[in-house]
Amino acid sequence: HVNYEQISKMFKEKQQVILISAHFGNWELLMRSAYELDFPIYSVYRSANNYFIDKYIQNNRAKYQIGSIAKW
């Protein structure tokens, strides 16, 4: 269940929060939405197996987030 009013309130008040999302559909839109709302965001990710694909993905994600944290 998603409480959009609560999330909107957190964005407006610039609260520090942890949002957890699964890989369903267009899950990366969360980063774009946060960017549009001027809400800084970091993401935790697993590197792609292919180095060049991973660089491509990270360069695209960098447009909408402050940074990425690679999982161990």
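**Exercise 1. Find the polar contact that joins the side chains of Ser43 and Gln65, and describe the setting of Ser43.**

*Solution.* Start with the pair itself: the side chains of Ser43 and Gln65 meet in a polar contact of 3.0 Å. A word on the source before going on: this is a predicted model.

Next, place the serine. Ser43 belongs to strand S1. Its relative accessible area is 12%, and buried means under 20%, so Ser43 is buried.

Finally, list its surroundings. Setting aside neighbours within four places in sequence, Ser43 is in contact with Met31, Gln65, Gly67, Ser68 and Ile69. Gln65 thus turns up again, this time in the list of contacts.

**Exercise 2. Work out which residues of H3 are buried and which exposed residues lie on the face turned away from them.**

*Solution.* Begin with the buried set, which consists of Asp54, Gln58 and Arg61. These residues cover an arc of only 60° around the axis, so they sit on the same side of H3. The spacing rule helps here: an α-helix has 3.6 residues a turn, so residues three or four places apart point the same way.

Now turn the helix round. On the face away from the buried side, H3 carries the exposed residues Phe52, Tyr56 and Asn59.

Then ask what lies over the buried residues of H3: the cover includes H2, S1 and strand S2 (67-70).

Last, look at the N-terminal end of H3, which is capped by Asn50. A side-chain oxygen of Asn50 lies 2.8 Å from the backbone nitrogen of Phe52.

**Exercise 3. Describe the largest pocket and say which elements line it.**

*Solution.* Take the volume first: it is about 660 Å³. The lining of this pocket has 28 residues, and those closest to the centre are Leu19, Ile41, Tyr42, Ser43 and Val44. Ser43, the buried serine of the opening exercise, is therefore one of the residues closest to the pocket centre.

Sort the lining by element. Helix H2 (29-36), strand S1 (42-45) and helix H3 (51-61) each give two or more residues. S1 provides the largest share, with four residues.

Then sort by chemistry: 17 lining residues are nonpolar, six are polar and five are charged.

**Exercise 4. Compare the settings of Lys12 and Lys14.**

*Solution.* Locate each lysine. Lys12 is part of helix H1 (residues 4-12), while Lys14 is found in the loop between H1 and H2.

Check accessibility next. Lys12 has a relative accessibility of 68% and counts as exposed because the cut-off is over 50%. Lys14, at 46%, counts as partly exposed.

Each lysine has one further feature to note. The C-alpha atom of Lys12 is separated by 8.1 Å from that of Leu37, although the two residues are 25 apart along the chain. For Lys14, look at the backbone: phi is near 55°, a positive value in a residue other than glycine. As background, most residues other than glycine have a negative phi.

**Exercise 5. Summarise the chain as a whole: which elements does it have, and in what order?**

*Solution.* Count the elements: there are three helices and two strands. From the N terminus, they run α-α-β-α-β.

Add the dimensions: the C-alpha trace spans about 40 × 25 × 20 Å along its principal axes. Of the 72 residues, 18% count as buried.

Close with the contacts. Among those between residues at least 6 apart in sequence, 57% join residues at least 24 apart.

Methods
Residues are numbered from 1 along each chain as its sequence is written. This is a predicted model: local features need pLDDT of at least 70, side-chain atom pairs count only at pLDDT 80 or more; totals for chains, interfaces and linings use all residues. Side-chain values use heavy atoms; hydrogens and water are left out. On a 1 Å grid over the protein atoms alone, a cavity is a set of points where a 1.4 Å probe fits but cannot get out, and a pocket is an open set with protein on both sides within 12 Å along at least five of seven lines; lining residues have an atom within 4 Å of a point. Grid points are joined across faces, edges and corners, and a volume is the space filled by probe spheres set on the points. Ala, Val, Leu, Ile, Met, Phe, Trp, Tyr, Cys and Pro count as nonpolar, Asp, Glu, Lys and Arg as charged, and the others, Gly among them, as polar. Buried means under 20% relative accessible area, exposed over 50%, partly exposed in between (1.4 Å probe, protein chains only). The arc is that of the directions from the helix axis to the C-beta atoms. Contact means heavy atoms within 4.5 Å. A polar contact is a pair of N or O atoms within 3.5 Å; within protein, one must be able to donate a hydrogen and the other to accept it, and residues adjacent in sequence count only if both atoms are side-chain atoms.
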